[in-house]
Amino acid sequence: MSLYAQHGYGKSTKIEKGIDANILSGIILSPKAEKPEKIKEFINHTKHNHPDIDIMFDPQFYICGFSGDLSDGKLSEYPYYISELSRANLSVPKNIQKYAKDVIDFQNELNVSKIVSPTILIDDFNGKQSQIAISLAYESISLLDAENRLMISLCINENAFKNLDAMNEFLDIISLLDVKGFYLIIDRSNNIKEPLIDLNILTNIMKFCYVLATVNEFEVILGYTDLLSIPLITTGISATACGWHNGQKMFSEANFQRSNGGRRARKRYTSNQLMNSILIIPEMTTVNDFGKLKDIMSATIYDKILLTSPGDSAWSDEISCLHNWSSLKILIDEIKSYETIGERLDCVTEKIVFANKLYRMFSDKVPFEPKSNNSHLNVWLAAISEFRNQIGE
Amino acid sequence: MAVPNLSAEDVSQIIADCKVVGKCNRGGQKIVYPCEINGIKYAVKFILLNYLDLDLDKDNDNDEYYIHIEEVKARAEREISIMKSLDSPYLIRIGKIDLTSTEYKNQNLLFYSEDWVEGDDISTILRKNGPMDVKDALKLSKDIATAISQIWDTNNVHRDIKPQNIMKRSSDNTYVLLDFGMAFDLDDKSLTQVGLVPGTKIYLSPEQLHWQKKRDIDFRSDLFSLGIVIYETLTGCHPFYEHGMTDLELFNRILTYTPSEPQVINTNIGKEENDIVMRLLAKEPHGRYRKCSILIKQLQAILQTMEV
């Protein structure tokens with residue numbers, strides 16, 4: 001169980017520093033954010049300096065199926081990219097073969113050990129898109145040594161997980177694929193902000209990950225995941241990937257639509273003790289005013305920047321990103337130190353209970369905004385409990 | 001469909017150079033004679049398609065009757081074709097006589113031969129001796145999992161794994177899977193009419209009970225049935241069926257009930273083998289094994305530990 005960087009715009013030296021600090025074990029590259037020659041150069045450079053780092057290239061083929069005023073960045077410079085593929089395009093078997101081949105051929109020229117198959121966004125496990133996604137997977141399998149190299153990518157809207165029967169049937173099909181593993185992206189397009197999520201959806205995502213990773217022993221890498229990594233890592237998945245912008249911490253179709261910009265995100269701090277990220281001003285400064293700052297710190301090497309006076313600190317975007325990764329890594333390492341899934345679930349449960357106690361201590365003192373409060377914790381607890389029932393742990 | 005009415009003398013009349021060397025065995029649709037042909041022992045199987053003098057004009061269900069005959073023929077052809085495509089010590093093989101049709105004493109018959117396996121079937125062994133030794137049960141599991149894997153390699157599913165269809169060959173103690181009569185070729189159209197559940201009912205998998213999912217059945221359905229067989233061999237009890245149960249009660253149990261862990265019934269069973277059985281009995285196919293090789297490897301590892 002480890003942490004990968006979810007690559008995006010403006011990587012500067014973040015990934016390099018994350019690797020040097022032993023926080024990151026891998027990188028998932030985004031062609032939307034980088035030209036092909038730059039990607040190749042970056043892979044070769046990283047492989048040379050850090051041969052043990054796992055580098056994966058997410059072809060982001062799912063964007064081909066999106067419509068509207070798309071912000072597809074550098075993707076148009078990639079040979080396999082086709083903007084606004086229609087359902088008719090995707091219904092022709094010959095096209096499916098070509099799409100898979102083009103995506104795999106491009107990756108075969110990269111210095112990567114694993115190959116990621118193309119996919120499209122699945123809204124419903126019973127829908128046409130899930131059949132197309134499976135066809136793309138089958139076509140990809142036929143093109144290489146799939147058992148040792150191929151990661152089947154799946155991009156699934158969270159609402160699809162509401163239908164447990166359909167999810168189970170989908171699992172019956174994909175668990176038979178003879179591949180190395182799965183690169184899974186959960187589309188959070190219903191605009192509920194991470195880490196809050198619907199109880200049934202989280203329970204079923206946990207089961208989905210557990211069936212693939214623990215029962216069927218596939219390598220499962222979960223992309224675009226920030227704090228939700230914590231309950232999900234208990235299921236036995238190999239890694240989660242998180243980036244620096246909100247768009248790399250949580251996947252949403254809206255992130256690929258052109259926007260008019262917006263105000264700069266306010267600075268936040270990831271607190272392992274609260275199992276959430278909170279605003280540095282005013283939330284963290286208020287905690288500091290009560291002399292309780294140390295109670296919520298994550299014990300990363302970056303904490304010292306904030307310890308004396310959080311409000312005045314030079315908490316840059318890069319430091320914020322490295323701190324967030326480091327906080328996640330600390331939690332992941334603690335969870336993975338437990339051998340059984342039951343013990344890992346116990347560990348997360350205890351942490352949630354403790355975080356709730358801290359929140360109660362601050363209840364009438366700190367003005368937490370909705371994104372910073374503890375509303376997600378009880379959902380996580382209930383989902384863990386329900387998941388335990390489902391798997392008999 | 002009735003069983004053919006044939007004596008040992010009739011068999012020798014139908015097949016030249018064939019000498020019946022033992023008592024016949026009557027199954028659901030077949031009669032089986034142990035025979036010697038050129039000094040080698042075979043099981044010769046006869047299937048009755050129809051009686052030649054049946055006045056079908058008076059029968060309102062003629063179409064259904066003919067469809068049924070065609071289905072029995074097709075099933076026999078499939079059984080032979082699967083046997084021919086497989087060559088394994090864990091699977092019964094076609095004998096000297098290929099599928100042949102004949103008319104004899106007012107009966108329209110099909111017959112063929114299979115290799116003769118000297119030994120007892122698991123049902124007989126359980127009846128005689130009670131639960132099997134853990135090591136023997138694991139050996140059975142490994143051999144039959146290998147058989148299931150080999151059938152799946154040809155894109156087929158057996159669909160009728162049960163103690164009566166597993167023989168212990170006395171010459172080398174190998175377990176052999178018999179009877180491909182229910183086998184399902186995933187490349188071909190289903191031979192089973194909608195609503196009719198194939199396979200012996202107390203060994204059916206949950207997905208075999210969902211007739212609308214019938215086309216999606218894969219080798220993991222056979223693994224579920226194998227799980228029931230192993231459970232029985234280890235504990236002497238069926239995990240779902242109890243005497244006097246109706247079909248509905250049985251099917252409901254197969255679909256929803258989690259049986260007691262075998263370890264609870266037989267304390268000689270270790271945790272690893274207990275977990276294997278429970279995993280095979282998972283209600284959803286994705287909860288079992290995605291490859292037979294993973295199961296076989298686990299079983300081999302336990303068997304090796306037992307031998308040390």
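Modeller: Two strands pair if DSSP finds at least two bridges between them. This model is predicted, and strand S5 of chain B serves as an illustration of pairing: S5(B) and strand S6(B), residues 107–115, run antiparallel over 5 bridges.

Colleague: Which residue of S6(B) is the bridge partner of Thr100(B)?

Modeller: Thr100(B) is bridged to Phe111(B) in S6(B).

Colleague: How many residues lie between S5(B) and S6(B) in their hairpin?

Modeller: The hairpin leaves 2 residues between the two strands, and Lys105(B) in the turn has a positive phi of about 45 degrees.

Colleague: Is S5(B) largely in the open or buried?

Modeller: A residue is called buried if 20 or more other C-beta atoms lie within 10 Å of its own. Of the 5 residues in S5(B), residues 100–104, the number buried is 0, so the strand lies largely in the open.

Colleague: How should the overall form of chain A be read, and what is its radius of gyration?

Modeller: A compact globule with 393 residues would have a radius of gyration near 21 Å, and the 21 Å of chain A agrees with this. The C-alpha trace spans about 65 × 45 × 40 Å along its principal axes. Chain A holds 16 helices and 11 strands, and 48% of its 393 residues are buried.

Colleague: How many residues of chain A are in contact with chain B?

Modeller: In chain A, 8 residues are in contact with 7 residues of chain B. Helices H7 (164–174) and H8 (199–215) of chain A each supply at least two residues of that side, and H7(A) gives the largest share, 3 residues. By type, this side of chain A has 4 nonpolar, 3 polar and 1 charged.

Notes
Residues numbered from 1 in each chain as written. Chains lettered and ligands numbered in written order. Predicted model: local features only at pLDDT ≥ 70, side-chain atom pairs only at ≥ 80, totals over all residues. Helix = DSSP H or I, 4+ residues; strand = E, 2+ residues; numbered from the N terminus. Rg over C-alpha atoms; globule rule 2.2 N^0.38 Å. Buried ≥ 20, exposed ≤ 12 C-beta atoms within 10 Å, placed from the backbone. Contact = placed C-beta atoms within 7 Å. Nonpolar A, V, L, I, M, F, W, Y, C, P; charged D, E, K, R; others polar.
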